[in-house]
Amino acid sequence: MGLSLFSVICLLHSLIAVSTGALMMFYMKEIYTLSHGTEAAAKLLGSTPHDQLLIRTSDSFSGLLLFAIGFLLFMVAFVRDRDFNVFFAKGCVALHVSMAIWRFNFERRVEDLAWDWLRQIVGDILLALSWNPMEKELSACMAAELKGFAVAGVDGYCGLLVDLLITFLFIVICSTL
């Protein structure tokens, strides 16, 4: 049996989380410089050696957490329980929306990050939307199973997969700007 749409979405999000976490652990200075510019990166990395050590340690643990979340998503991708899949998709949507709300309320107030919050909110909303069609599809599949109808195969997901890949590419492009 082929991969379900839930598995594909989990694997895409896992790839994003693992690669971003690894970059955060080992190349945070370069990421700050690339995404925020040299001047803002110098401010974000701290002014004293003690501040720099604390910030590097914090970034490394944040990257490690994101790396672990990527492995968790990889493991969840192979769970075949539809109730769990729907619950997990709803939780991921809620997580991304709450992150966008947090960025709007707090991150836009940080002077060095004030211009960057809108792009990151758009990314959070797109990540939340990437879970939403799959969650609706899972709910429809569950309803069809309850009525005794056959569940659509992988071929029925091709349109959604193309949309998800376009969304994924858009997120990657927006995150590098």
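These are my notebook entries from a walk through this structure.

**Entry 1: getting my bearings**

I note at the start that this is a predicted model. I looked up the secondary structure and found seven helices and zero strands in the chain. Reading from the N terminus, I get the order α-α-α-α-α-α-α. Then I checked burial: of the 177 residues in the chain, 33% are buried.

**Entry 2: the largest core**

Which residues of the largest nonpolar core touch the most other members? I found F6, C10, V76, F88 and W131, out of 13 residues in that core. Next I asked which helices supply it with at least two residues each. My list reads α1 (5-26), α4 (49-76), α5 (82-105) and α6 (117-147).

Where does this core lie with respect to the domains? Domain 1 (12-31 + 53-78) and domain 2 (82-132) both contribute residues, so I place the core between them. I also noted another core, set apart from that one, with six residues. M24, A41, L44 and L45 are among them. As a reminder to myself, nonpolar side chains in soluble globular proteins tend to be buried together.

**Entry 3: nonpolar residues on the outside**

I then went looking for nonpolar side chains at the surface. L3, F71, L72, F74, M75 and F78 make a nonpolar surface patch of about 580 Å². I picked M75 for a closer look and found it in helix α4. Is M75 buried or exposed? Its relative accessibility is 55%, and the cut-off for exposed is over 50%, so M75 counts as exposed.

**Entry 4: salt bridges**

How many salt bridges does the structure hold? I have two to write down. General reminder: side chains of opposite charge can pair when their charged atoms come close.

I started with K43 and E39, whose side chains meet in a salt bridge at 3.9 Å, N to O. Both sit in helix α3 (residues 38-44), and they are four residues apart, which means about one helical turn separates them. K43 is partly exposed, with a relative accessible area of 45%. E39 is exposed, at 60%.

The other bridge joins R103 and D124, with the closest N and O atoms 2.6 Å apart. This pair links distant parts of the chain, since R103 belongs to helix α5 and D124 to helix α6, 21 residues apart. Are R103 and D124 buried or exposed? R103 has a relative accessibility of 14%, so I mark R103 as buried. D124 comes out at 6%, so D124 is marked as buried too. The cut-off I used for buried is under 20% relative accessible area.

**Entry 5: S130 and L127 in helix α6**

I stayed with helix α6, where S130 has its place. S130 counts as buried, at 8% relative accessibility. What lies 2.6 Å from a polar atom of the S130 side chain? I traced that contact to the backbone oxygen of L127.

So L127 went on my list next. L127 is found in helix α6, and its relative accessible area of 15% makes L127 buried. I also looked up how far L127 is from C92, which is 35 residues away along the chain. Their C-alpha atoms are separated by 8.8 Å.

**Entry 6: a loop residue**

My last stop was Y27, which I found in the loop between α1 and α2 (28-36). Y27 counts as partly exposed, at 47% relative accessibility. How many residues lie between Y27 and S60 in sequence terms, and what is their distance in space? I wrote down 33 residues apart in sequence and 9.4 Å apart in space, C-alpha to C-alpha.

**Entry 7: what I take away**

I keep two pictures from this walk. One is the core of 13 residues, lying between domain 1 and domain 2. The other is the R103 and D124 salt bridge, which links helix α5 with helix α6.

Definitions and conventions: Residues are numbered from 1 along each chain as its sequence is written. This is a predicted model: local features need pLDDT of at least 70, side-chain atom pairs count only at pLDDT 80 or more; totals for chains, interfaces and linings use all residues. Side-chain values use heavy atoms; hydrogens and water are left out. A nonpolar core is a set of buried Ala, Val, Leu, Ile, Met, Phe, Trp, Tyr and Cys residues joined through side-chain atoms within 4.5 Å. Buried means under 20% relative accessible area, exposed over 50%, partly exposed in between (1.4 Å probe, protein chains only). Domain bounds come from an automatic or database domain assignment. A polar contact is a pair of N or O atoms within 3.5 Å; within protein, one must be able to donate a hydrogen and the other to accept it, and residues adjacent in sequence count only if both atoms are side-chain atoms. Patches are made of residues with over 30% relative accessible area and no salt bridge: like charges are joined within 9 Å, nonpolar side chains (Val, Leu, Ile, Met, Phe, Trp, Tyr) within 5 Å. Accessible areas come from the Shrake-Rupley method with a 1.4 Å probe; for residues, only the protein chains shown count as cover. A salt bridge is a side-chain nitrogen of Lys or Arg within 4 Å of a carboxyl oxygen of Asp or Glu.
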